[in-house]
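Here is a short round of questions on one protein model. Look it over, then read on.

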Amino acid sequence: MIEIGHTRRMPSEPERKKVAIAYCERVTAGDVEGILELFEPDAVIEDPVGTGPVAGHDALREYYRNIVDNYGSRIETGEARGSHEDTFVALPIVVTATIGGKASVVNSVDVFEINDACRITRMWAYWGPSDIR
């Protein structure tokens, strides 16, 4: 939580963007526990959108352990985009990973909902079959 005196405030747009970038850095580093530190305990992700939610630290730990152990994902980030209502960040990314035994590149836009504690409450990854090359 970010506090000024005793007044709680929403994280600034640059602070929210830093959380989204930190997420990508920690995925690339294979730091599963570091990734989880960025999420609220009851956070929900959907990656990609349409495949169903993954909710809570236990399920997220299993999900990211699989990503780290089986895909070797490296993420390059584009320029993060903020929002006017102090909650969301959209981040275009390019993921290089080993999928089905071959190097693949996935173009995605990840959208993060970040709360007043500067932690991710929801994350949606927007990519489809035509975004893999």
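Q: How far apart do the end C-alpha atoms of residues 22-123 lie?
A: This is a predicted model, where local features need pLDDT of at least 70, side-chain atom pairs count only at pLDDT 80 or more, and totals for chains, interfaces and linings use all residues. Residues are numbered from 1 along each chain as its sequence is written, and side-chain values use heavy atoms, with hydrogens and water left out. The span is 28% helix and 42% strand (DSSP runs: helices H or I of at least four residues, strands E of at least two, numbered from the N terminus). Its end C-alpha atoms are separated by 14 Å.

Q: Which feature does UniProt place at residues 22-123?
A: The entry is unreviewed. UniProt positions are given in the numbering used here, feature names are shortened, and annotations may be inferred rather than shown by experiment. The feature at residues 22-123 is "domain: SnoaL-like".

Q: How many disulfides does a search of the whole structure find?
A: A disulfide is a covalent bond between the sulfur atoms of two cysteines. Here the cut-off is a pair of cysteine sulfur atoms within 2.5 Å. For Cys-24, the nearest cysteine sulfur is that of Cys-118, 15 Å away. The search finds zero.

Q: Why does Cys-24 count as buried?
A: Buried means under 20% relative accessible area, exposed over 50%, and partly exposed in between (1.4 Å probe, protein chains only). Cys-24 counts as buried because its relative accessibility is 2%.

Q: Is Cys-118 buried or exposed?
A: Cys-118 sits in the loop between β7 (102-114) and β8 (120-126). Its phi is positive, about 65 degrees, although Cys-118 is not a glycine. With a relative accessible area of 18%, Cys-118 is buried.

Q: What is the phi of Asp-86?
A: Most residues other than glycine have a negative phi. Asp-86 lies in the loop between β5 (74-77) and β6 (88-99). At 35% relative accessibility, Asp-86 is partly exposed. Its phi is positive, at about 65 degrees.

Q: Which residues does a cis peptide bond join?
A: Most peptide bonds are trans. This cis bond has an omega of about -5 degrees. One partner, Pro-48, is in the loop between β3 and β4. The bond joins Asp-47 and Pro-48.

Q: Where does Val-49 lie?
A: Val-49 counts as partly exposed because its relative accessibility is 34%. Its location is the loop between β3 (39-46) and β4 (54-55).
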